[in-house]
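The following exercises are to be worked through with the sequence and the model side by side. Each task is followed by a solution in steps.

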Amino acid sequence: MDNKMFCFQCEQTASCVGCKGAAGVCGKKADTAQLQDCLTGALIGLARATEGNEHLINSGTDRLIIEGLFTTITNVNFNNATISALIDKVHTEKNRLVPECLKCASSCGRNSDYDMRSVWEANEDIRSLKSLILFGIRGMAAYAYHASVLGYHDETVNRFFYKALFAVGMDWDQERLLPIVLEVGAVNLRCMELLDRANTETYGTPVPTKVPLTVEKGPFIVISGHDLYDLKQLLEQTKGRGINIYTHGEMLPANAYPELKKYSHLKGNFGTAWQNQQKEFANLPAPVLFTTNCLMPPKASYADRVFTTEVVSYPEIVHIGEDKDFTPVIQKALSLGGYTEERYVKLIVASSSCLK
Ligand code: SF4
């Protein structure tokens, strides 16, 4: 395959066939796509190394597998430095599991990183089945990640990530791969139930809620993505600071959770869907925090107002670390000051509010 990159994991893919040039439709550059393939190949090597060493798997191993898979889904991580650092961590963990492989003078290669070109260049049936498995567990990893930040884990779900990665790295025929594709669906349902339980037990069962689409005057912060924990931390840190919070895109449902909507400064929703962000954030007098997938390459007109956290990362964009100290976002909101008058931003429905 004489391409600069190959990626066909999402509905944006070029010509409905695959992104193969210098960058994908999503803005992911070829070298980043290649690094994401390296990361996936390293995760397959790690999964292989767990066979016979299941007793050595710990929560750190699980976390690495989930974080690695989540990092490669669309519109999450564009940062070669953080992807490379993650690959290093995966190698370190693999070396903990199979230290003898590191010293072996005539390695059999069994636990080596897998070359993803073996998937992309396989015959179309095998390529399709392995892609269904891989893309399925990438999405599932996002759910598992969000559940885990709230302290919810499921052993069946976690074990399946290893099994599925192992399968992607094997030279198996359709008969062996098809049942695993079906298992992806079954385990994914279990994972969605886990996340639902995590969200509703932590923040209450969502209730029908009118979500204002008007932005009040004064400082505000826009928050996007799916991570309700991040939103909660942001609401706590902005309480009583004269800063309002508005959801964007995927974060809209957060307005319906009782434990989040009780914050009076969670005012409503700004903008429409994720794909309109480059238009909607131009000239925005407020910072935007991305907590999960849906980040597009920020335009120069607003790049200085974008912040990332969790697995989201973009070169030269300020990243909020695990301490969840949102001070830089808050300071940016205060310095920008927001709109000088209340503003209705034309949005999701022809109304001044929407029902979620
Ligand atoms: S994730 Fe990006 S590079 Fe991959 S198919 Fe989608 S648009 Fe193309």
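For the first exercise, Ala, Val, Leu, Ile, Met, Phe, Trp, Tyr, Cys and Pro count as nonpolar, Asp, Glu, Lys and Arg as charged, and the others, Gly among them, as polar. The model is a predicted one.

**Exercise 1. The surroundings of the ligand**

Determine which residues come nearest to the ligand, and how the shell around the ligand divides by class.

Solution. Step one is to identify the neighbours: there are 13 residues around the ligand, and those that come nearest are Cys 7, Cys 10, Cys 19, Gly 24 and Cys 26. Step two is to sort the shell by class, which gives 7 nonpolar, 5 polar and 1 charged residues.

**Exercise 2. Two domains and their contact**

State where the domains lie in the chain and describe the side of domain 1 that touches domain 2.

Solution. Begin with the division of the protein chain: domain 1 covers 14-202 and domain 2 covers 210-355. The centres of these two domains, taken over C-alpha atoms, are separated by 30 Å. Next, consider the contact, to which domain 1 gives 17 residues and domain 2 gives 15 residues. On the side of domain 1 that touches domain 2, helix H2 (59-71) and helix H6 (124-149) are the elements that give two or more residues. Finally, the residues of that side are divided by class into 7 nonpolar, 9 polar and 1 charged.

**Exercise 3. Lengths and surroundings of three helices**

For helices H1, H7 and H8, compare the reach from first to last C-alpha with the span expected at 1.5 Å a residue. Then examine which residues are buried.

Solution. Start with H1, residues 30-50: its 21 residues reach 31 Å, close to the expected 30 Å. Of these 21 residues, 17 are buried, and H1 is thus mostly covered. After H1 comes Gly 52, with a positive phi near 85°.

Continue with H7, whose 14 residues reach 20 Å, close to the 20 Å expected. Its buried residues include Phe 160, Phe 161, Tyr 162 and Leu 165. The buried residues of H7 pack against H1, H2, helix H5 (117-120), H6 and H8.

Conclude with H8, residues 174-203, in which 30 residues reach 43 Å, close to the expected 44 Å. Among the buried residues of H8 are Ile 180, Val 184, Leu 194, Asn 199 and Tyr 203. Their cover includes H6, H7, helix H9 (228-238) and helix H10 (258-261). Just after H8, Gly 204 has a positive phi of about 90°.

**Exercise 4. A pair of strands**

Establish in which sense strands S3 and S4 pair, and explain why S4 is described as largely enclosed.

Solution. First, S3 (residues 220-224) pairs with S4 in the parallel sense, over 5 bridges. Within this pairing, Ile 221 stands opposite Ile 245, and Ser 224 has His 248 as its bridge partner.

Second, recall a general rule: side chains in a regular strand alternate between the two faces of the sheet. In S3, Phe 220, Val 222 and Ser 224 point one way, Ile 221 and Ile 223 point the other way, and all are buried. In S4, one side carries Asn 244, Tyr 246 and His 248 and the other Ile 245 and Thr 247; all are buried, and both faces are covered.

Third, draw the conclusion: because 5 of the 5 residues of S4 (residues 244-248) are buried, this strand is largely enclosed by the rest of the structure.

Technical notes
Residues numbered from 1 in each chain as written. Predicted model: local features only at pLDDT ≥ 70, side-chain atom pairs only at ≥ 80, totals over all residues. Near = placed C-beta within 6 Å. Domains from an automatic or database assignment. Contact = placed C-beta atoms within 7 Å. Helix = DSSP H or I, 4+ residues; strand = E, 2+ residues; numbered from the N terminus. Expected span 1.5 Å × (residues − 1). Buried ≥ 20, exposed ≤ 12 C-beta atoms within 10 Å, placed from the backbone. Pairing = 2+ DSSP bridges.
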